[in-house]
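Colleague: Before we discuss this protein, may I see its sequence and structure?

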Amino acid sequence: MEASSSTMLKPAYSTPRPLACEMVPLTLFDRATLDIFVPLILVYPAPTPSNKALKEGLRRAVAVYPHLAGRLAVDHRGRRFIHVNNEGVLVVEAVIPVDLASAVVDGSVVTNTDELYPAVPPPEVINHLQMYGSTHSGC
């Protein structure tokens, strides 16, 4: 898999955002969980929307949920919180030299998925709440 681009996508707000620069504390449930990467792979048959259309849809969706465009941070007491700072979500575009018809059977992925999305940055580098990858098959 070859990453072709990586960009920070800012929300498309139509009105001023109500939570600008807010420090939103994590809930008890959020604090009790581990910081892990959960990959989700969705496969769509051709014809698919363009990357531009997907990005515009993502910008609109994140505008409705501004927390997703924020960052995890730590307050003066050492507790984690969401800093709603409008920095955006990370979008990585990639191309894989695999025929997805051989990787997906009856709507289920039947192969090793590690090759289908970009590698995740190490935890000490990343503090995004959301990362999105758009991977296109070369076939």
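**Terms and evidence**

Modeller: In β4, histidine 83 is the bridge partner of arginine 71. This is a predicted model, in which local features need pLDDT of at least 70 and side-chain atom pairs count only at pLDDT 80 or more, while totals for chains, interfaces and linings use all residues. Residues are numbered from 1 along each chain as its sequence is written, and side-chain values use heavy atoms, with hydrogens and water left out.

Colleague: What makes β3 and β4 a pair of strands?

Modeller: Strands (E, at least two residues) and helices (H or I, at least four) are DSSP runs, numbered from the N terminus. Two strands pair if DSSP finds at least two bridges between them. Strand β3 (residues 71-74) and β4 are joined by 4 bridges and run antiparallel, so the definition is met.

Colleague: Which residues does β2 comprise, and how many bridges join it to β4?

Modeller: Strand β2 comprises residues 22-25, and 4 bridges join it to β4 (residues 80-84), again antiparallel. Valine 24 stands opposite isoleucine 82 in β4.

Colleague: Why is leucine 34 called exposed?

Modeller: Buried means under 20% relative accessible area, exposed over 50%, and partly exposed in between (1.4 Å probe, protein chains only). Leucine 34 has 71% relative accessibility, and therefore counts as exposed. Leucine 34 is found in the loop between α1 (28-32) and α2 (51-64).

Colleague: Which residues does histidine 128 touch?

Modeller: Contact means heavy atoms within 4.5 Å. Not counting residues up to four places away in sequence, histidine 128 touches Met8, Arg71, Gly88 and Leu90. Histidine 128 lies in the loop between β7 (108-109) and β8 (131-137).
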